[in-house]
Amino acid sequence: MNRIRLLSEQVANQIAAGEVVERPASVVKELVENSLDAQATRLAVEIHAGGRSLIRVTDDGLGMSRDDALLSLERHATSKILRAEDLSAISTMGFRGEALPSIASVSRFTLLTRERDSAAPEGTEILVNGGRIIAVKGCGSAPGTCVEVRQLFFNLPARRKFMRADETESAHIQHYLTLAALAFPGVALEFVKDARMVWQLPAVPKEDRLGALRERWGALGGGEESLLEVDFKGDLPAAREETERAAGAAGVTPSHPFRVWGLLGAPGVSRSSRAEQYVFVNRRPVENRGINYALLEGYHTALMKDRYPVCCLFLEVHPAGVDVNIHPAKREVKFHREKAVRQLLSQAIRETLLTYHAPAKRAAARAVAKPAPSLPPATDQPEFPKLAPPPSGVAGPAPDQSDQPDQSDGTDGTDGMNGTYLPIRRPQSPISNAPPAEPPAAGFVLPSSILHPPSSPAPAPPAAPAAPVPLLQVPLRLVGVVGLLYVVLESDRGLVLLDQHAAHERVLFEQMLRRLEESSAAPSQRLLLPETVELPVRDARFLREQLPTLSRLGVGLSEFGERTFLLDALPPFVKTGDPRRFVLTLVDELKAAGQAVNTLRLGEQTVAKTVCRHAVKAHDPLARPELENLIEDLRHCAMPYTCPHGRPTLIEMNFRELEKKFGRAQ
Ligand code: ADP
Ligand code: MG
């Protein structure tokens, strides 16, 4: 007896639906993707009861003829690819031709469509019930397509049970729509939930895509904190087969352009989950562990442990370099050059974070983009009548100040209150190696040559209005210190708090890295009485591995027996009354750091970070000139906004936030 039979079309579709249609949000995703593929400029999404009783997606896209509409409900019917080769050059969201028949097989489904560019007088309406077409008729309709999905899984009780509470399903739908809204700011998007309008997002003109993204982000209620603009280009080696094919020809490795652009939280901005981490590959929202890793790697010391970036990044990869056909809902992608993508992405992040503080480079980077119109100088805050316009300007970083009038008498800063603004001296190099400058004379009037850095050859255009001006590029005025730790400052934007310990750690960390790089001997202070420290065997072996790095950092430790070490010098900033304790704690901390990176021999950066922990000044009372020097040194750092462990060094509360807190504004 023959036991093998071909499944009916209907059953086959329901099986496919099991993969494609996981939950109501998957239906929304497939329908919205179809609308986007059909070049819609307006999209309306309406749901009821978390999408279980109704999902309706209406677009003004290309629409379909009657024949196409009927065909679109057949399995493997698609207008998007023809041959298997096309799979490696996909520029549309869909390509499998599975979504419509799958969805229609597990719901009461209506397709209403009319071709946009045809003279046909009417549209087509098709009713499907659990996969069975029950009516096809002509009908009046606007150009475009409207798909209605009612009673999802009505014929699959088992699947119905798996649906969660309405609110959960709605949240999934809204999450997907957020992704779509971010990826397509040029498309107007309306979202109605249980007859209540949730969003009515206008189309944002596309010329300046970063600007458009920023606007969309704001319209979606994205945070107001500092978001940096990323625009990075690189070369991605072509996939292996392609390389092999070309190898015979010219002997050069073919490559494809790679691009990352979008928005990225400034150093110090982070979240406790990945909820605000949006990553797209060729405009498709994706999940990819390599990308997650690259993000953390790119942030490096600018992100605290167990914290995640806020970002909305678009990776543009040649379609041949990425496989989008590895997940039924196309949520995951696979790069042919995973490692190279990771490296390029983390480089893009790192460079963006670094240029945040190096305005010359930043301005140059922006100059590549459309030059933005220059802004008028910031409106004066009435509270600060004498505040000179900051050298770098609230209007954006403008590295060339040589042609500006001498501001020294404006910035000498006695503003009738009890302090002065700290002037901004432009760093010549990332960090000064020299011992801290002499505290400036009383009154804090600096020669104008310091206020005005030597002119750079090419004046760069000012940044676009939306780009945040880094906090350390606006003048800050010292107000006082709270709790022997938090330095209170004010800027023309509001209140600024500085964690003196975190700041000091950052300054020392970068100084140490520079010394390691230059392999110049770190200053160290000899102990009057060298100390011996005895360690358990395993710890001794571990410490032995770190000795070379430690010695280059100024920690004079040498072997003095199998598990005994002699400590005879310490870096000058380590102020400890108990050098033995210092060594024991250091070993513990290094071991803890080592567990995170899982190698015996720790990287120099890790060792430096750990040594920096012992920077004092947590609760040391610092005199005013010392604080001023600290801030100045911080300004010279490459990554001044976080300590080496990613904690923020500065917190800003602008006047708007203050007004909100005091109930003066909503
Ligand atoms: P795929 O998107 O993978 O091609 P679908 O089953 O989602 O498969 O859709 C089948 C076909 O129906 C599409 O290729 C497209 O030609 C057509 N189609 C679906 N939705 C729309 C729409 N909103 N507007 C115009 N055409 C559509
Ligand atoms: Mg589709």
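This is a walk through one protein chain and its ligand, from the whole chain to single contacts.

The model is a predicted one, in which local features need pLDDT of at least 70, side-chain atom pairs count only at pLDDT 80 or more, and totals for chains, interfaces and linings use all residues. Residues are numbered from 1 along each chain as its sequence is written, chains are lettered from A and ligands numbered from 1 in the order in which they are written, and side-chain values use heavy atoms, with hydrogens and water left out.

Let's begin with the chain as a whole. Its secondary structure comes to 19 helices and 23 strands; these are DSSP runs numbered from the N terminus, with helices being H or I of at least four residues and strands E of at least two. Of the 666 residues, 48% count as buried, where buried means under 20% relative accessible area, exposed over 50%, and partly exposed in between (1.4 Å probe, protein chains only). A contact means heavy atoms within 4.5 Å. Among the contacts in the chain with a separation of 6 or more, 72% are between residues 24 or more positions apart.

Now turn to ligand 1. Of the 20 residues around ligand 1, N34, T78, S79, K80 and G97 come nearest; a residue is near a molecule or strand if one of its heavy atoms lies within 4 Å of it. This shell divides into seven nonpolar, nine polar and four charged residues. For that count, Ala, Val, Leu, Ile, Met, Phe, Trp, Tyr, Cys and Pro are nonpolar, Asp, Glu, Lys and Arg are charged, and the others, Gly among them, are polar. Helices α2 (24-37) and α4 (99-105) each supply at least two residues of the shell, and the largest share, three residues, comes from α4.

Look next for polar contacts, which are pairs of N or O atoms within 3.5 Å; within protein, one must be able to donate a hydrogen and the other to accept it, and residues adjacent in sequence count only if both atoms are side-chain atoms. The side chain of D59 has an N or O atom 2.9 Å from a nitrogen atom of ligand 1. An oxygen atom of ligand 1 lies 2.9 Å from a backbone N or O atom of R96, and an oxygen atom of the ligand is 3.2 Å from a polar backbone atom of A99.

Further along the chain is helix α9 (residues 289-299), whose buried residues are G290, I291, N292, A294, L295, G298 and Y299. Their cover includes β10 (255-265), β11 (277-281), β13 (311-316), β15 (334-335) and α10 (338-357). At the N-terminal end of α9, N288 acts as a cap, with a side-chain oxygen 2.8 Å from the backbone nitrogen of G290. After the helix comes H300, whose phi is positive, near 45 degrees.

Finally, find the aromatic rings. The structure holds five aromatic pairs. Rings of Phe, Tyr and Trp (its six-membered ring) pair if their centres lie within 6.5 Å; planes under 30 degrees apart count as stacked, over 60 as edge-to-face and the rest as tilted. W217 and Y278 are edge-to-face because their planes stand at 80 degrees, with ring centres 6.0 Å apart. This pair links helix α7 (residues 209-219), home of W217, to strand β11, home of Y278, 61 residues apart. W217 counts as buried at 6% relative accessibility.
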